[in-house]
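Colleague: I would like to learn how to read a model feature by feature. Please take one topic at a time, with the general idea ahead of the case.

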Amino acid sequence: MTTVRSWKRILGTGLVVVVGIPLITVPLLVLAVVQGPPLPVTVDAEIDSGVERIKFSGQIDISTRIIDDPDFNGPTMLEMIIDFKSVKGVGKASGRKFATESQTVIHRPLLAFDEIEATFPYTQGNDVHAARTAKAAISVAFSPGSGLRVTSRLTSVKSDREP
């Protein structure tokens with residue numbers, strides 16, 4: 001009897017290992033993810049807020065991941081986490097300071113060249129109730145040889161109040 005029980009215990013443990021390990025590892029392999037280092041993009045632009053011109057400067061940090069889907073044959077996706085926290089604004093006439101404490105997450109099909117617009121809120125001081133939004137245009141290029149890179153600096157920021 002003890003021999004039968006010990007074989008059942010060994011067989012049961014073996015089955016758990018044989019069946020369980022693929023169930024754990026296969027979902028991890030479903031999406032092949034390639035993550036690159038954060039890409040800094042310099043900001044030096046002005047917008048018209050409707051009240052005054054605001055000069056934004058600083059740096060946008062963009063973390064990227066290329067997500068491949070070999071199991072379902074979905075398109076290869078680009079994930080961008082765009083962090084605006086280092087971008088600050090100053091009113092040209094009043095000298096008022098504006099903050100941009102936000103992150104934007106974008107998922108797009110991976111293309112050789114892409115123009116991406118990301119909106120971000122900006123506020124004067126800590127007054128979140130008076131927040132306005134602006135758009136940042138970012139150019140991204142990808143090639144298998146050189147990988148993903150930002151090909152141009154941020155050149156335009158447009159207020160949501162502009163036509």
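Modeller: What follows goes from the overall fold to strand pairing, the core, aromatic pairs and salt bridges. Keep in mind that this is a predicted model.

Colleague: How many helices and strands does the chain have, and what pattern does the chain follow along the sequence?

Modeller: The chain has one helix and eleven strands. Along the sequence the pattern reads α-β-β-β-β-β-β-β-β-β-β-β. Of the 163 residues, 31% count as buried. Contacts are also worth a look: among those with a separation of 6 or more, 54% are between residues 24 or more positions apart. The accessible surface comes to about 10500 Å², and carbon and sulfur atoms hold 60% of that area.

Colleague: Which way do β2 and β3 run, and how many bridges join them?

Modeller: β2 and β3 run antiparallel, joined by ten bridges. Together they make a hairpin with four residues between the strands. In the turn, G50 has a positive phi of about 100°. One of the bridge partnerships is that of D48 with R53 in β3.

Colleague: Which residues of β2 make up its covered face, and which the uncovered one?

Modeller: On the covered face are L39, V41, V43, A45 and I47. The uncovered face holds P40, T42, D44, E46 and D48. Two residues of the uncovered face, D44 and E46, will return with the salt bridges.

Colleague: What is the general idea behind a nonpolar core, and which residues have the most contacts inside the largest one here?

Modeller: In soluble globular proteins, nonpolar side chains tend to be buried together. Here the largest nonpolar core has 26 residues, and those with the most contacts inside it are F56, I60, I62, I82 and F84. The elements that give two or more residues to this core are β2, β3, β4, β8 and β9. β3 gives the most, with five residues.

Colleague: How is a pair of aromatic rings described? How many such pairs does a search of the whole structure find?

Modeller: A pair of rings is described by the distance of the centres and the angle of the planes. The search finds four aromatic pairs. In one of them, F84 and F120 are stacked, at 4.4 Å centre to centre and 25° between the planes. This pair links distant parts of the chain: F84 is in the loop between β4 and β5, F120 is in strand β8, and they are 36 residues apart. F84 is buried, at 0% relative accessible area, and F120 is buried too, at 2%.

Colleague: Why is the pair of F98 and Y122 called edge-to-face?

Modeller: The ring planes of F98 and Y122 stand at 75°, so the pair is edge-to-face; the centres are 5.9 Å apart. The cut-off for that class is an angle over 60 degrees. This pair also links distant parts of the chain, with F98 in strand β6 and Y122 in strand β8, 24 residues apart. F98 counts as buried at 9% relative accessibility, and Y122 is buried at 2%. The rings belong to one aromatic cluster, made up of F56, F84, F98, F120 and Y122.

Colleague: On to charged side chains. How many salt bridges does the search find, and where are D44 and K55, which form one of them?

Modeller: The search finds eight salt bridges. In the bridge of D44 and K55, nitrogen and oxygen are 2.3 Å apart. D44 is in strand β2 and K55 in strand β3, eleven residues apart. K55 is partly exposed, at 31% relative accessibility.

Colleague: Is E52 buried or exposed, and which residue forms a salt bridge with E52?

Modeller: E52 is buried, with a relative accessible area of 8%. Its salt-bridge partner is R96, with the closest N and O atoms 2.7 Å apart. R96 is partly exposed, at 30%. The two are 44 residues apart, R96 in the loop between β5 and β6 and E52 in the loop between β2 and β3.

Colleague: Which residues are linked in a network of salt bridges?

Modeller: E46, R53 and K92 are linked in such a network. Within it, the closest N and O atoms of E46 and R53 are 3.0 Å apart. Both of these residues are partly exposed, E46 at 29% relative accessibility and R53 at 39%.

Definitions and conventions. Residues numbered from 1 in each chain as written. Predicted model: local features only at pLDDT ≥ 70, side-chain atom pairs only at ≥ 80, totals over all residues. Heavy atoms only, no water. Phe/Tyr/Trp six-rings, centres within 6.5 Å; stacked < 30°, edge-to-face > 60°. Buried < 20%, exposed > 50% of the residue type's maximum accessible area, 1.4 Å probe, protein only. Salt bridge = Lys/Arg side-chain N within 4 Å of Asp/Glu carboxyl O. Core = buried A, V, L, I, M, F, W, Y, C linked by side-chain atoms within 4.5 Å. Pairing = 2+ DSSP bridges. Contact = heavy atoms within 4.5 Å. Areas by Shrake-Rupley, 256 points an atom, 1.4 Å probe, with all protein chains shown as cover.
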